[in-house]
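Subject: Structure handover

Hello,

The structure I promised is below, with the sequence. My notes on it follow.

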Amino acid sequence: MTSIQAAKTLTLTNSLWRNSAKFRYLATTPALLPLHLPRHLCSVRAKSDEEAAAKVAAANADSGGPTIFDKIISKEIPSTIVYEDEKVLAFRDINPQAPVHVLVIPKLRDGLTQLGKAEPRHVDILGHLFYAAKIVAEKEGIVNGFRIVINNGPTACQSVYHLHLHILGGRQLKWPPG
């Protein structure tokens with residue numbers, strides 16, 4: 001398939017995607033997915049889902065209600081814990097983007113829903129989160145090559161408003177990210 005044909009196919013497919021519930025059903029049903037469609041169509045849907053989820057999460061960010069991370073901290077929701085101390089909890093991401101993908105969160109949110117809301121009183125916990133990330137990297141055997149990602153706000157696709165660090169490693173990471 002030439003690049004012009006691929007571009008036309010992508011344009012047509014994106015148009016169908018936006019305008020047809022039936023096509024969205026077919027494209028998300030693996031047994032029905034036509035083999036000739038470009039592979040990257042799945043990433044178009046995932047990207048829009050992440051962006052939509054981030055917008056919804058942002059609208060509810062300051063509600064004060066418990067987040068999924070609060071429920072993981074209280075053990076209402078199970079997780080695979082990698083590291084824990086009196087201030088932070090680190091656990092495996094349920095949708096890993098690398099062989100090692102661990103989230104590190106403060107146990108006490110204290111208004112720290114995102115890095116952009118940090119205040120001078122948060123300096124100690126911010127430092128502790130990064131130190132805990134280093135400990136996790138050592139435990140996971142990636143201390144010589146890992147990345148820390150913090151999504152801040154809906155434009156960065158932050159979907160849980162409880163500050164958290166993503167520790168990614170275990171493979172060659174590319175640059176630039178995103």
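Val-160 sits in the loop that runs between strands S4 and S5. This is a predicted model, and what follows describes that model. Is Val-160 buried or exposed? Its relative accessible area is 15%, so Val-160 counts as buried, the cut-off for that class being under 20%. Once residues within four places in sequence are set aside, Val-160 is in contact with Thr-67, Ile-68, Phe-69 and Thr-113. There is also a long-range pairing in sequence terms: Ala-54 is 106 residues away from Val-160 along the chain, and their C-alpha atoms are 8.0 Å apart.

The loop between S4 (146–149) and S5 (165–169) also holds His-164. The UniProt entry, which is unreviewed, places an "active site" annotation on His-164. With a relative accessible area of 7%, His-164 is buried. Its contacts, leaving out neighbours within four places in sequence, are Phe-69, Leu-103, Val-104, Ile-105, Val-149 and Ile-150. Phe-69 is thus a contact of His-164 and also a contact of Val-160. What does the side chain of His-164 reach at 2.8 Å? The partner is the backbone oxygen of His-162.

Next, Arg-109 and Asp-70. Arg-109 is in the loop between S3 and H5, while Asp-70 belongs to helix H4. Both are buried: the relative accessible area is 15% for Arg-109 and 18% for Asp-70. Their side chains are joined by a polar contact of 2.5 Å. Apart from residues within four places in sequence, Arg-109 is in contact with Gly-64, Gly-65, Pro-66, Thr-67, Asp-70, Tyr-161 and His-162. On the same basis, Asp-70 touches Gly-65, Arg-109 and His-162. Gly-65 and His-162 therefore appear among the contacts of Arg-109 and among those of Asp-70, under the contact limit of 4.5 Å between heavy atoms. His-162 is also the residue whose backbone oxygen is reached by the side chain of His-164, and Thr-67 is in contact with Arg-109 as well as with Val-160.

Asp-110 is in the loop between S3 and H5 too. Asp-110 has a positive phi of about 50 degrees, although it is not a glycine. At 36% relative accessibility, Asp-110 is partly exposed, in contrast to Arg-109, which is buried.

Lys-75 is another non-glycine residue with a positive phi, here about 70 degrees. Lys-75 lies in the loop between H4 and strand S1 (81–84). Its relative accessibility of 47% puts Lys-75 in the partly exposed class.

One cis peptide bond to note: the bond from Trp-175 to Pro-176 is cis, with omega near 5 degrees. Pro-176 is in the segment after S5.

Now the largest pocket. Its volume is about 1500 Å³. Of its 50 lining residues, those closest to the centre are Asp-93, Asn-151, Cys-157, Ser-159 and His-166. Which elements supply at least two residues each to the lining? They are helix H3 (41–59), helix H4 (68–73), strand S2 (88–92), strand S3 (100–106), S4 and S5. H3 gives the largest share, with eight residues. By residue class, the lining divides into 23 nonpolar, 17 polar and 10 charged residues.

Last, Lys-134, which is in helix H5 (123–140). Lys-134 is partly exposed, at a relative accessible area of 34%. Its C-alpha atom is 9.8 Å from that of Ile-148, which is 14 residues away along the chain.

To go through it on screen, I suggest this order:

- Val-160 and His-164, both in the loop between S4 and S5.
- The side-chain polar contact between Asp-70 and Arg-109.
- The positive phi values of Asp-110 and Lys-75.
- The cis bond from Trp-175 to Pro-176.
- The lining of the largest pocket, with H3 as the element that gives the largest share.

Regards

Conventions:
Residues numbered from 1 in each chain as written. Predicted model: local features only at pLDDT ≥ 70, side-chain atom pairs only at ≥ 80, totals over all residues. Heavy atoms only, no water. Helix = DSSP H or I, 4+ residues; strand = E, 2+ residues; numbered from the N terminus. Buried < 20%, exposed > 50% of the residue type's maximum accessible area, 1.4 Å probe, protein only. UniProt positions renumbered as here; feature names shortened; annotations may be inferred. Polar contact = N/O pair within 3.5 Å; in protein donor to acceptor, adjacent residues only side chain to side chain. 1 Å grid on protein atoms, 1.4 Å probe; cavity = no way out; pocket = protein on both sides within 12 Å on 5 of 7 lines; lining within 4 Å. Points joined across faces, edges and corners; volume = space filled by probe spheres on them. Nonpolar A, V, L, I, M, F, W, Y, C, P; charged D, E, K, R; others polar.
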